[in-house]
Amino acid sequence: MKAPVRDPQSPPAPPAPPAPDTAGPPTTLLGWRTRLRQPPAQPPPLVPLPPQDPSCADSEEERENDPRVRYHADLGLIETTDIQRGLHLARRMLRRNGESRQIGPHIAIDSDYRGTGKRTLLHHIGMGHQGRREKLHGIDDTHIPVVCINAPPTPGTPADWSAALATFLGWDLYRPDTDNRPVQRMKDFTGPAVHVMRTRHVEVCLVDGIDRLRTEDLQPTFDYLADELSLTIFWSGIGSSDILREARTARFPALRRTSDAAPLRQRAVPTLWVNRLPPRCPEHPDEWPRALASFDGRLHLCHHRPGSLLELDEELYEITDGLMENLTPLLSMAAQISILDSTEAITPEVLHDAARYLDLPTAERHDTSW
């Protein structure tokens, strides 16, 4: 049989995407595309570690680099009920804006506590939108459907949004001066950035950390980006709905004036809420167990019994307080410890060891919600 010959006119197969840690953060174009297109991590073979050899200097390092230890170091993020609901609502909003090209819709991603998963929802919204685009129309790197940035720091100066956008696009913001010191190439990258975003068909802008900003720092973004490009902008941060509402009022001073005959309400801001997971109780019987079940299915330990993580639901809630910011690293650390000490299962003792490493509370507390 003849070996198939590739048509010389056809383009070569694209190279495998780099690992996320080498591609950069998702606030750069390469880092964003890498995370979007990276295949899901597959669990390595279920092979227990050999006993530790104290006489071998490299034994500990080899054990730390074992494939199963590295796999459990990043168990990934799960979609809680609030995140799933937020994804559905965001898809509807994006569909409406994409079909009617509404000018400058702004959507807040807010929560009642820090560490609930706002950034997870923000990134999943952008990756879901771009993933659907690439599935329908194929991968075309001349288009940039989504821009992902962090709110820039403002040490006594207005927020430099243009620099954050330029960094995502991969521009070198600095050049060496005559003394070989870095000097910013331009004071304002807004014009070039907006031109590129318009020609590369940017549709969605994700902004994380709005709670670090002052209301007046949002003014240029509202006045220019939203109206000029008709972007859908998602703003993530605790209190983001109030911050956006105040910024919209500041943008239109007439909204502050009301009359007795026709009082004017504040402008509404669509908000996607990602709150702390409630403990298991009659009003919320499934949310916490569903989150634990998602992690339970990802554990790849020799002595792990499917569903055994749910037997520790009360203890896990006492340690993590229902925050994903605590739950994800706790289970990741516990799984690594259990492999390295040959326990090969998540036990209360392993959980307490992991909690101490992460400076999380381990004292017994009794909650009447259970």
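P145 is a buried residue, with a relative accessible area of 10%. In this predicted model, P145 sits in the loop between α6 and β2 (146-150). Let's start from that spot and then work through the rest of the chain.

**Around P145**
- Which residues does P145 touch, once its neighbours within four places in sequence are set aside? The contacts are with Q130, H201, V202, E203 and V204.
- P145 and G126 are 19 residues apart in sequence, yet their C-alpha atoms are 8.7 Å apart in space.

**The whole chain**
- The protein chain has 370 residues, and 43% of them are buried.
- Its secondary structure comes to 14 helices and seven strands.
- If you take the contacts between residues at least 6 apart in sequence, 71% of them join residues at least 24 apart.
- On the outside, the accessible surface is about 20700 Å², and carbon and sulfur atoms account for 54% of that.

**Two nonpolar cores**
- In soluble globular proteins, nonpolar side chains tend to be buried together.
- Here, the largest nonpolar core is made of 49 residues. I125, V147, F168, L218 and F234 are the ones with the most contacts inside this core.
- Helix α7 (residues 161-169) provides the largest share of this core, with five residues.
- Want a closer look at L218? Leaving out residues up to four places away in sequence, L218 touches W161, I210, L213, W235, I243, L244 and A247.
- There's also a second, separate core of 31 residues, and F295, L301, I337 and I346 are among its members.

**Helix α12, wrapped up by its neighbours**
- Why is helix α12 (residues 313-320) described as largely enclosed by the rest of the structure? Because seven of its eight residues are buried.
- The buried ones in α12 are D313, E315, L316, Y317, E318, I319 and T320.
- These buried residues pack against three other helices: α11 (287-296), α13 (324-340) and α14 (348-357).
- Right after α12 comes D321, with a positive phi near 60°.

**The largest pocket**
- The largest pocket has a volume of about 1800 Å³.
- Its lining is built from 39 residues, and R35, D74, G76, L77 and H124 are the ones nearest the centre.
- Which helices each supply at least two residues of that lining? They are α1 (20-23), α2 (29-37), α4 (67-73), α6 (118-137) and α13.
- Helix α6 gives the most, contributing six residues to the lining.
- Chemically, the lining is a mix: 14 residues are nonpolar, twelve are polar and 13 are charged.

**Two unusual spots in one loop**
- Most residues other than glycine have a negative phi.
- S342 goes the other way, with a positive phi of about 70° although it isn't a glycine.
- E344 has a positive phi too, near 60°, and is also a residue other than glycine.
- Where do you find them? S342 lies in the loop between α13 and α14, and E344 is in the loop between α13 and α14 as well.
- Are they buried or exposed? S342 is partly exposed, with a relative accessible area of 44%, whereas E344 is buried at 3%.

Definitions and conventions: Residues numbered from 1 in each chain as written. Predicted model: local features only at pLDDT ≥ 70, side-chain atom pairs only at ≥ 80, totals over all residues. Heavy atoms only, no water. Core = buried A, V, L, I, M, F, W, Y, C linked by side-chain atoms within 4.5 Å. Buried < 20%, exposed > 50% of the residue type's maximum accessible area, 1.4 Å probe, protein only. Helix = DSSP H or I, 4+ residues; strand = E, 2+ residues; numbered from the N terminus. Contact = heavy atoms within 4.5 Å. 1 Å grid on protein atoms, 1.4 Å probe; cavity = no way out; pocket = protein on both sides within 12 Å on 5 of 7 lines; lining within 4 Å. Points joined across faces, edges and corners; volume = space filled by probe spheres on them. Nonpolar A, V, L, I, M, F, W, Y, C, P; charged D, E, K, R; others polar. Areas by Shrake-Rupley, 256 points an atom, 1.4 Å probe, with all protein chains shown as cover.
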